[in-house]
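Okay, thanks for coming, everyone. I'd like to walk you through one model today, so have a look at the screen.

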Amino acid sequence: MKRLATPFFWLLIFGLARVASADLPADVRAVLARAKERLGAEGRRTILFLDEIHRFNKAQQDALLPAVESGLLMLIGATTENPSFELNNALLSRARTYVLRRLEPSDLRRLLESHPGSVFSLDLDGRYTNVYKTTALTGYAPEELVGRHHSELLIPEDRERVGEEFAAIVRGEPRVLETTILTRDGERIPASVTVIPVVARGRIVGVHGITQDISARKRVEHELRASELRYRSLFESSTDGILLTTPDGSIQAANPAACSILGRTEEEIVRLNRGELVDGEDALALERLAAERARARRARGEGWMNGADGGTARGE
């Protein structure tokens, strides 16, 4: 998931009293104060989402105007009321209004058809009642699966585990699980399945789910594990002492060569900060080196490191 570069705050305004005071609620004032600090220190604006914004009285809406006009806040408001009646003209004139309409069945159908995964419904016995877009994933046409039990598409070794998960789902517990699907041709495809219970009139009547092929993700995970194993092999077998450290100076790992050079076990080394392994001017040089590494993503230097027995070793 892509992270927002702009800080985001979502405040619920349920139960806010319509008072005549222009004072904003404490949580909104706190967001404004933090937004000012952030804009001054980092040059970044803040997104403020106000749900039920119509619960703000006119004076309180006026109090938001300076922050909106100055660019301190990017204000997003949601309301179930007509904004022309519930928002004052000054705030409304600086806003762009979007009307969210109820989705029609045809909209939902297009949404299902455009989804990259297979969308399905099961009854409480675990049999398919509706299936969309299964052919590409399983080789079966949707009408071939209706009435069949979902376990028929699972590899035998996964059926008991998935059956236990299904029992939890029909008790009202949504699940996201991984399994392996058997296609019509007998091919095994790793899949992620998201399943939620369907509730009608207060009781669970079935489940809805989405199945997605995760073959590509599994290949990437396998390649990463292989890469980590290769790196670990190089780390462990290197004749040079290697320490893995974090920006704050804590030591995460030490290879056997480093342990031998420093006369300490790895457990002893990781309890230390890298600054504890050097003295005097070398300690200052090490901190400058770390700052250069953070700025330019690489740095190189030399210094003397302290061993457990009082001896020293020249390090790079």
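Let me start with a question: is R175 buried, partly exposed or exposed? R175 is partly exposed, because its relative accessible area is 26%, and the buried class stops at under 20%. Keep in mind that this is a predicted model, so everything I say is computed from the prediction.

Now the overview. The protein chain has 316 residues, and 32% of them count as buried. There are 12 helices and 12 strands in the chain. If you take the contacts between residues at least 6 apart in sequence, 49% of them join residues at least 24 apart. As for the surface, about 20600 Å² is accessible, and carbon and sulfur atoms account for 53% of that.

Back to R175, then. Who does R175 meet in a salt bridge? One partner is E165, with N to O at 2.5 Å. R175 sits in strand β6, residues 175–182, while E165 sits in helix α8, residues 159–169, so this pair ties together parts that are 10 residues apart in sequence. E165 is partly exposed too, at 22% relative accessible area. R175 also makes a salt bridge with E173, this time at 3.1 Å, N to O. And E173, with 31% relative accessibility, is again partly exposed.

While we're on charges, there's a network further along: E178, R217, K218 and E221 are joined into one by salt bridges that share partners. There's also a pair made by R148 and E152, at 3.0 Å from N to O. Both ends of that one are partly exposed, R148 at 23% and E152 at 37%. Searching the whole structure gives 15 salt bridges. As a general reminder, side chains of opposite charge can pair when their charged atoms come close.

Okay, on to the sheet, which is where β6 belongs. Picture an open sheet of 5 strands in the order β5-β4-β8-β7-β6, with antiparallel pairing. Which strands are at the edges? Those are β5, residues 128–132, and β6, each of which pairs on one side only. On average, neighbouring strands here are turned by 25° against each other, ignoring direction.

Let's zoom in on β4, residues 118–122. On one hand, β4 pairs with β8, residues 203–213, in the antiparallel sense over 5 bridges. If you want a residue pair to click on, try L122, whose bridge partner in β8 is V207. On the other hand, β4 also runs antiparallel to β5, and 4 bridges join those two. There, F120 stands opposite V131 of β5. The hairpin of β4 and β5 has 5 residues between the strands, and in it G126 takes a positive phi near 90°.

Last piece: what packs on this sheet? We've already met α8, the helix with E165. That helix lies across β4, β6, β7 and β8, with β7 covering residues 188–200, and runs at about 145° to β6. Then there's helix α9, residues 215–237, which packs on the sheet and touches β6, β7 and β8. The direction of α9 makes about 125° with that of β7.

So if you take one picture home, make it β6: an edge strand of the sheet, touched by α9, with R175 in it paired to E165 of α8. Happy to rotate the model around if anyone wants to look at a particular spot.

Terms used:
Residues numbered from 1 in each chain as written. Predicted model: local features only at pLDDT ≥ 70, side-chain atom pairs only at ≥ 80, totals over all residues. Heavy atoms only, no water. Buried < 20%, exposed > 50% of the residue type's maximum accessible area, 1.4 Å probe, protein only. Contact = heavy atoms within 4.5 Å. Areas by Shrake-Rupley, 256 points an atom, 1.4 Å probe, with all protein chains shown as cover. Salt bridge = Lys/Arg side-chain N within 4 Å of Asp/Glu carboxyl O. Pairing = 2+ DSSP bridges. Axes fitted to C-alpha atoms, helices over the stretch in contact; angles between N-to-C directions.
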